[in-house]
Amino acid sequence: MALYELYYWPMLPGRGEVLRMMLEDAGVDYRDVAREEGIEAVVKARQGGLGGVVPFAPPVLRHGELVLSQSSVIARYLCEPCGLAPRSEPGKLLADQHFLGWADLVGEVHDTHHPISVGLRYEEQREAAKQRTDRFLDGRLAQWLAHFEDIISDAGGVHVGPDITYVDLQARFVLRGIAYAFPKAFDQLRAKIPSLLALADRVEARPRLAAYLASSRALPFNEHGIFRHYPELEG
Ligand SMILES: N[C@@H](CCC(=O)N[C@@H](CS)C(=O)NCC(=O)O)C(=O)O
């Protein structure tokens, strides 16, 4: 079995983090290449240097001859070998649906600090970021979380029962990220999302994942990633 090679920005827990979590949870052999070799490895992957179809943006996974991008596609590919796949075909489709829902939410969080362009620094779009964040925190975030809270309370505490799947790992990551970025708003929502919070705790208690999260391999949230804490945005 070829080694899994993950290419993602080495200094941040962004869209590649759920893939790191999946690989760590499964205890499979993998390389987080840019953390060993530096961001040049990501640049090379983006330029098509791994072969295959040229990816637009990281994360990128290479497994043997296969080169994949788009975090949702990579997660779907890894879920079987990582033991995090739903059991049935309808379950797999539902898992895709929910994963893409969380990915949409991730995109909306990203746009709170980069509402105009990914090519501009946050400091160059701060006014628009404030407006965008106000709208996001005024109902939209609560709407998303209520949606997922209903889904997992109906499905017995996970997204697609009966087992924990890769979507549950994604949910844990996004919830912790939002709590980091918008602590005041998130605190006000906690009482409304008991099932989601219990799920995040359950995911973190998985032994290999707990060991990863306690290790230096797990990067803390910071202001280079998607989940950024700018106090002035939440003020
Ligand atoms: N939909 C893609 C989005 C990929 C993406 O936006 N990656 C970010 C890092 S999280 C990036 O490096 N973007 C650079 C760019 O868009 O030029 C996915 O889920 O993989």
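Proline 58 places a backbone N or O atom 2.8 Å from a nitrogen atom of the ligand. The model is predicted. In this model the ligand occupies the largest pocket, and Pro58 is among the residues nearest the centre of that pocket. Pro58 is also joined to proline 59 by a cis peptide bond.

**Ligand contacts**

- The side chain of tryptophan 9 has an N or O atom 2.7 Å from an oxygen atom of the ligand.
- Glutamine 70 brings a polar side-chain atom to 2.6 Å from a nitrogen atom of the ligand.
- On its own the ligand exposes 510 Å², and the protein buries 72% of that area.

**Shell around the ligand**

- The residues surrounding the ligand are Tyr8, Trp9, Arg15, Arg46, Phe56, Ala57, Pro58, Pro59, Gln70, Ser71 and Ile226.
- Sorted by class, this shell holds 7 nonpolar, 2 polar and 2 charged residues.
- Pro58, which contacts the ligand through a backbone atom, and Pro59, its partner in the cis peptide bond, both belong to the shell.

**The largest pocket**

- The volume of the largest pocket, where the ligand sits, is about 820 Å³.
- Its lining consists of 31 residues, and those nearest the centre are Tyr8, Arg15, Ala57, Pro58 and Ile226.
- Two or more lining residues come from each of helix H4 (71-79), helix H5 (89-113) and helix H7 (166-181).
- H5 contributes the most to the lining, with 7 residues.
- By class, the lining of the largest pocket splits into 16 nonpolar, 11 polar and 4 charged residues.
- Tyr8, Arg15, Ala57, Pro58 and Ile226, named above as nearest the pocket centre, also appear in the list of residues around the ligand.

**Backbone geometry**

- The cis peptide bond between proline 58 and proline 59 has an omega of about 10 degrees.
- Proline 59 lies in the loop that runs between helix H3 (40-46) and strand S3 (60-63).
- Another cis peptide bond links glycine 161 and proline 162, with omega about 0 degrees.
- Proline 162 is located in the loop between helix H6 (126-154) and H7, and H7 is one of the helices that give two or more residues to the pocket lining.
- Glutamine 70 is not a glycine, yet its phi is positive, at about 75 degrees.
- The loop between strand S4 (66-69) and H4 holds glutamine 70, whose side chain makes the 2.6 Å approach to a ligand nitrogen atom.

Technical notes
Residues are numbered from 1 along each chain as its sequence is written. This is a predicted model: local features need pLDDT of at least 70, side-chain atom pairs count only at pLDDT 80 or more; totals for chains, interfaces and linings use all residues. Side-chain values use heavy atoms; hydrogens and water are left out. A residue is near a molecule or strand if one of its heavy atoms lies within 4 Å of it. A polar contact is a pair of N or O atoms within 3.5 Å; within protein, one must be able to donate a hydrogen and the other to accept it, and residues adjacent in sequence count only if both atoms are side-chain atoms. Accessible areas come from the Shrake-Rupley method with a 1.4 Å probe; for residues, only the protein chains shown count as cover. On a 1 Å grid over the protein atoms alone, a cavity is a set of points where a 1.4 Å probe fits but cannot get out, and a pocket is an open set with protein on both sides within 12 Å along at least five of seven lines; lining residues have an atom within 4 Å of a point. A molecule sits in a cavity or pocket if more than half of its atoms lie within 2 Å of its grid points. Ala, Val, Leu, Ile, Met, Phe, Trp, Tyr, Cys and Pro count as nonpolar, Asp, Glu, Lys and Arg as charged, and the others, Gly among them, as polar. Grid points are joined across faces, edges and corners, and a volume is the space filled by probe spheres set on the points. Helices (H or I, at least four residues) and strands (E, at least two) are DSSP runs, numbered from the N terminus.
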